[in-house]
Amino acid sequence: MIHYANPEWFWLLNIIPLLILWYILRHKKQLPSIRVSTISWFVTPPSARSYLRHSLFVLRLLSVAALIGALARPQAVLSKNTIASEGIDIVIAMDISGSMLARDFVPSRLEAAKKVVIEFIQKRPNDRIGVVFFAGEAYTGCPVTIDHDALEQIITHVETGSIEDGTAIGLGLGTAASRLIDSKGTTKIIILISDGENNAGAVKPLEAAQLVKSSGIHTYCIGIFSPASEKKPVTVNDSTYAAIGGPTAETTLLQIAEVTGGSYFRAGSEKSLQEIYRQIDLMQKTKVDVTAYNRYEERFNLLAILAALLLLAEIIFRYTLLRTNP
C-alpha cells in the first residue's frame, strides 16, 4: 500500500495546464510571417523533426510531474497486526440419538441443530471449538481446534445410527469435559444439546456435572423439542421413533446447568434455537485486542531519479538531434 507523507504538494500539478497554454501561445508568436500573392511554391509537408520538437516540452512536463510526485513523498506502508485473544475453549456436546430425527423441526431436530451450531461457530472465528457426539455411547467428533472449516464439515456429515442408540447424557457431558480439562483456555464452556432424558451409559448426568463443576467449566444446556412433541411419534425409513421431550427430559438438563453454574434453555423451534445461541454468544464473548504497527519505507527517490532522467533526456535532445539554428 502506498501512502503520501506530504500530499499537499500535488496542488502544484495545477500548473501543468498553465504551462501547456503558455507553450501554445509562445509557439504561435515564434512563427514568422510574410505577405506574398501566393504560397503554392513554398508549401512543403512538415517534417518528422518538426513534430519531434514538441517532444522536448512533453519531456519537460513529465519531469515536472515526477518532481512534484517526489515532493509528495510516496511511502510503502508495511503493516503488522497482532491479535491477542482471551482464549475461550468451547466443546459442543450434540445428541445424535434416533429421536433427533423427529420432524417437529424442519427437516428434523438434528438437521436444525447442525445448521444453528454451524452458524454459531462461524460467528466466533477466534475461539477454539470442538464437538462431541452422543447417543447410547459418546465419542469425540473433533477436539478443540481453530480449524473451523474442518469442524463444520464433521458436524455437517454426522448422522444418527453411527453408534448405539439411546441417550447417554452423562457420558456425553463427561466426554466433553475431558476434552477441556487439559486445555489452556482461560474460559471453558460446554454447550449440551439434547431432546431426551438420560437412559443409557455408565456415567450418571449429575456425576458428570460434578466433574464439570470441579474443573471450572460452565455448561449451557439446550432442550430441543416443541411443546407438543412428547406423544408425537415419527417414522423414518420404516422405523418409528418416539418424539420424546417435555418436563421429564428438561429436569436433567436444568439440574446440570444449575450444578455447573451455567444456564438452561428450551428450544421449541429453529428460530428460538438461533436466539439461544445468540444469547450464549453475547454472554461468552471473546475479548480480542488488536495492536497495529505501521512501518513506512520511502519511495520518493524513484520519482526523483525519473525526474532527473527526463530532464537530462530533454537537454540531450535539445542540443543534439533537435537542435535549432540561431
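**View 1. Salt bridges, with the pair of aspartate 89 and arginine 128 in close-up.** The count comes to 9 salt bridges, a salt bridge being a side-chain nitrogen of Lys or Arg within 4 Å of a carboxyl oxygen of Asp or Glu. This is a predicted model, in which local features need pLDDT of at least 70 and side-chain atom pairs count only at pLDDT 80 or more, while totals for chains, interfaces and linings use all residues. Residues are numbered from 1 along each chain as its sequence is written, and side-chain values use heavy atoms, with hydrogens and water left out. Aspartate 89 forms a salt bridge with arginine 128, and their closest N and O atoms are 3.0 Å apart. This pair links distant parts of the chain, since aspartate 89 belongs to strand E3 and arginine 128 to strand E4 (residues 128–134), 39 residues apart. Helices (H or I, at least four residues) and strands (E, at least two) are DSSP runs, numbered from the N terminus.

**View 2. Packing of helices H3 and H4.** Helix H3 (residues 109–122) and helix H4 (residues 148–157) pack at an angle of about 175 degrees, with their axes 10 Å apart; axes are lines fitted to C-alpha atoms over the stretch in contact, and angles run from 0 to 180 degrees between N-to-C directions. H3 is therefore roughly antiparallel to H4, a term for angles over 145 degrees. On the H3 side the contact (heavy atoms within 4.5 Å) is made by Lys114, Val117, Ile118, Ile121 and Gln122, and on the H4 side by His148, Leu151, Glu152, Ile155 and Thr156.

**View 3. The loop before H3, with proline 107.** Proline 107 is placed in the loop between strand E3 (88–95) and H3, and the peptide bond leading to proline 107 from valine 106 is cis, with omega near 0 degrees.

**View 4. The loop after H2, with arginine 73.** Arginine 73 is placed in the loop between H2 and strand E2 (74–85), where phi of arginine 73 is near 55 degrees, a positive value in a residue other than glycine. Leucine 71, by contrast in position, lies in helix H2.

Methods:
Angles under 35 degrees count as roughly parallel, over 145 as roughly antiparallel, 65 to 115 as roughly perpendicular and the rest as oblique.
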